[in-house]
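Hi,

Here's the structure I promised to pass on. Have a look at it first, and my notes on what turned up are underneath.

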Amino acid sequence: MRRAVCPGSFDPIHKGHLEIIERASKLYDVVHVAVLINRNKQGMFTVEERIGLIEEVTVPFGNVVVESHHGLLVDYCRDRGIPAIIKGLRAVSDFDYELQMAQMNHGLTGVETLFLPTSPTYSFLSSTLVKEVASYGGDVSHLLPETVHRRLVDRIAERKAEQ
């Protein structure tokens, strides 16, 4: 069985992420989406909420497993027998950083990293940018799955009400 992992924070998952996961799901029998936990960052959504959103929007692909992981991605791969990491590249600046990570990961465990160029439609997109634009009332509905957009708008409203 051919397996790969698509890692990230996915806070929140957007259509650029989904495009990469969908393309990977056509190349591999099982695609693991690893929601990486960074205790130093305060997310818009909890890890559990992110997992739920990802599970919901990836149902049509039929071969996606979503889990969280704290620690080295290569440990996640080793523990599950996953030989490949799939990363989307938006720009040359992504490549510089991701190449270093790929070389380190390969050197540590032999896991391969495959890069998929993001569709030009989403080449500018990041979760951080989506959250920032949405927090100022900008329309990001075309950049997110409908359920994710609804949850993001609700979460921003909740946070404003708390202030």
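Arg150 is partly exposed, at a relative accessible area of 43%, in this predicted model. Its salt-bridge partner is Glu146, with the closest N and O atoms 3.2 Å apart. Glu146 counts as exposed, at 62% relative accessibility. The two sit four residues apart in helix α6, so about one helical turn separates them. There's also a network here: salt bridges with shared partners join Glu49, Arg151, Arg155 and Glu158.

Glu49 is worth a click, too. This residue lies in helix α2 and touches Arg151 and Arg155, leaving aside residues up to four places away in sequence. The Glu49 side chain also reaches the backbone nitrogen of Thr46, at 2.8 Å.

That takes us to how the helices pack. The axes of α2 (residues 47-58) and α6 (residues 146-162) come within 10 Å and cross at roughly 155°, so the two are roughly antiparallel. Glu49, Leu53, Glu56 and Val57 from α2 meet Thr147, Val148, Arg151 and Arg155 from α6. By class, that makes three nonpolar, one polar and four charged residues.

In total, the structure holds 14 salt bridges. Two others to look at:

- Arg80 and Glu67, at 2.9 Å between the closest N and O atoms. This pair links distant parts of the chain, helix α3 (residues 73-80) and strand β3 (residues 64-69), 13 residues apart.
- Arg90 and Asp94, at 3.0 Å from N to O. Arg90 is partly exposed at 37%, while Asp94 counts as buried at 15%.

Cheers

Methods:
Residues are numbered from 1 along each chain as its sequence is written. This is a predicted model: local features need pLDDT of at least 70, side-chain atom pairs count only at pLDDT 80 or more; totals for chains, interfaces and linings use all residues. Side-chain values use heavy atoms; hydrogens and water are left out. Axes are lines fitted to C-alpha atoms, for helices over the stretch in contact, and angles run from 0 to 180 degrees between N-to-C directions. Angles under 35 degrees count as roughly parallel, over 145 as roughly antiparallel, 65 to 115 as roughly perpendicular and the rest as oblique. Contact means heavy atoms within 4.5 Å. Ala, Val, Leu, Ile, Met, Phe, Trp, Tyr, Cys and Pro count as nonpolar, Asp, Glu, Lys and Arg as charged, and the others, Gly among them, as polar. A polar contact is a pair of N or O atoms within 3.5 Å; within protein, one must be able to donate a hydrogen and the other to accept it, and residues adjacent in sequence count only if both atoms are side-chain atoms. A salt bridge is a side-chain nitrogen of Lys or Arg within 4 Å of a carboxyl oxygen of Asp or Glu. Buried means under 20% relative accessible area, exposed over 50%, partly exposed in between (1.4 Å probe, protein chains only).
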